[in-house]
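Please open the model in your viewer and keep the selection panel at hand. The tour proceeds from one selection to the next.

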Amino acid sequence: MIAYKGVKWYHYQGALLPRVPPHQEISLNRQEQNELLKLSGALFLRYTDEWKREDGEFWFVIKEYFGGIEELSANTRSKIRRGQKRNDVRQVDAEYIAQFGYEVYMRAFEQYDTFIEPMDTKHFEAYIRSKERCEYWGVFDKHSNKLVAYSENFTEADMCHYSTIKFHPEFLKNYTSYILFYEMNRYYLESKKMRYVNDGARSISHETNVQKFLMEKFKFKKAYVRLHIAYRRDVALAVKLLYPLKGMIEKIEHPLVKKISVTLKQEAIRRSFG
């Protein structure tokens, strides 16, 4: 974590990202971007502005109100009730997830089509214990009391970010996703009176159906923003040279090439804003 001009920034997959609610505007000139890149050692930094613009190729998926179970479709209400019968949902601490969350993490990871490598047990436990100011929720199978899903949430001012959510695939038939999101939405939006809950930005590194699920089932919506990216000088040159080849590069199945392909896809989104 690095602080720069009142904003905390953190490293993620070679990038430097701001630890702020997405509605908080960030403005950096070229000199400030270069200074931050030099201080951090990151390959590139990424941030957004123009919160809730009319449209665009980049967005966050958010929900700003809790309308009770009545706001949802009959089908979704039915699945929530079945989920309540089969599962318990409760807040747990980081130490619990560090000790008992790895199986859920790995089984969920096996379902992803991504170049990102999963953590081993030791690194997973260290990662969970190193997190600051995070809240954890667990879903427990009532029959076995086994942890079958968890969410790592980050709260900042009047916003809650559903940062990392993992579901054990064998228990999804028990509507673990329905009951987890319903209970967290109720807690943060109704009980805690948060301005909104945020499931994160548009995914670039791997395909995800979670955001589509939230918009279809729980009335989440896209909050469009403008994407800014500033590259380290050598990375900027590589992106410039490789960008014309992005169509060919994205067809190559190799972990390193996949990382390059994601970077070029991200660059295409940045260029879409002109």
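The stops below concern a helix, a buried arginine, several salt bridges and the cysteines of this predicted model.

**Helix α10.** Begin by selecting residues 255-271, which form helix α10. The helix has 17 residues and reaches 25 Å from its first C-alpha to its last, close to the 24 Å expected at 1.5 Å a residue. Colour its buried residues next: Val 257, Ser 261, Val 262, Thr 263, Leu 264, Gln 266, Glu 267 and Ile 269. Among the elements that cover these buried residues are β4 (44-53), β11 (221-231), α8 (233-242) and α9 (246-249).

**Arg 46.** Move to strand β4 and select Arg 46 there. What is the nearest side chain of opposite charge to this buried residue? Glu 267 is the nearest, but it is 11 Å away, and Arg 46 has no salt bridge. The side chain of Arg 46 does make a polar contact of 2.9 Å with that of Gln 266, a buried residue of α10. Displaying the surroundings of Arg 46, beyond its neighbours within four places in sequence, brings up contacts including Trp 9, Leu 16, Phe 58, Ile 204, Leu 227 and His 228.

**Salt bridges.** The whole structure contains 19 salt bridges. Select Glu 64 and Lys 52, whose closest N and O atoms are 3.1 Å apart in a salt bridge. Glu 64 lies in the loop between β5 (59-63) and α2 (74-86), and Lys 52 in strand β4, so the pair ties together parts that are 12 residues apart in sequence. Both are partly exposed, Glu 64 at 29% relative accessibility and Lys 52 at 41%. Add Lys 221 to the selection to show a network of salt bridges linking it with Lys 52 and Glu 64.

Then select Arg 53 and Glu 50, a salt bridge with its closest N and O atoms 2.4 Å apart. Compare Glu 71 and Lys 63, which meet at 3.2 Å, N to O. Here Glu 71 is buried at 16% relative accessibility, and Lys 63 is buried at 2%.

**Glu 125.** Select Glu 125 in helix α5 (residues 121-130), together with Ala 98. Their C-alpha atoms are separated by 4.6 Å, although the residues are 27 apart along the chain.

**Cysteines.** Finish with Cys 134 and Cys 160. Why is there no disulfide between them? Their sulfur atoms are 9.7 Å apart, which is too far for a bond. Cys 160 is buried at 0% relative accessibility, whereas Cys 134 is partly exposed at 22%. A search of the whole structure finds zero disulfides.

Key. Residues numbered from 1 in each chain as written. Predicted model: local features only at pLDDT ≥ 70, side-chain atom pairs only at ≥ 80, totals over all residues. Heavy atoms only, no water. Disulfide = S-S within 2.5 Å. Buried < 20%, exposed > 50% of the residue type's maximum accessible area, 1.4 Å probe, protein only. Helix = DSSP H or I, 4+ residues; strand = E, 2+ residues; numbered from the N terminus. Expected span 1.5 Å × (residues − 1). Contact = heavy atoms within 4.5 Å. Lys, Arg positive; Asp, Glu negative; His and termini not counted. Salt bridge = Lys/Arg side-chain N within 4 Å of Asp/Glu carboxyl O. Polar contact = N/O pair within 3.5 Å; in protein donor to acceptor, adjacent residues only side chain to side chain.
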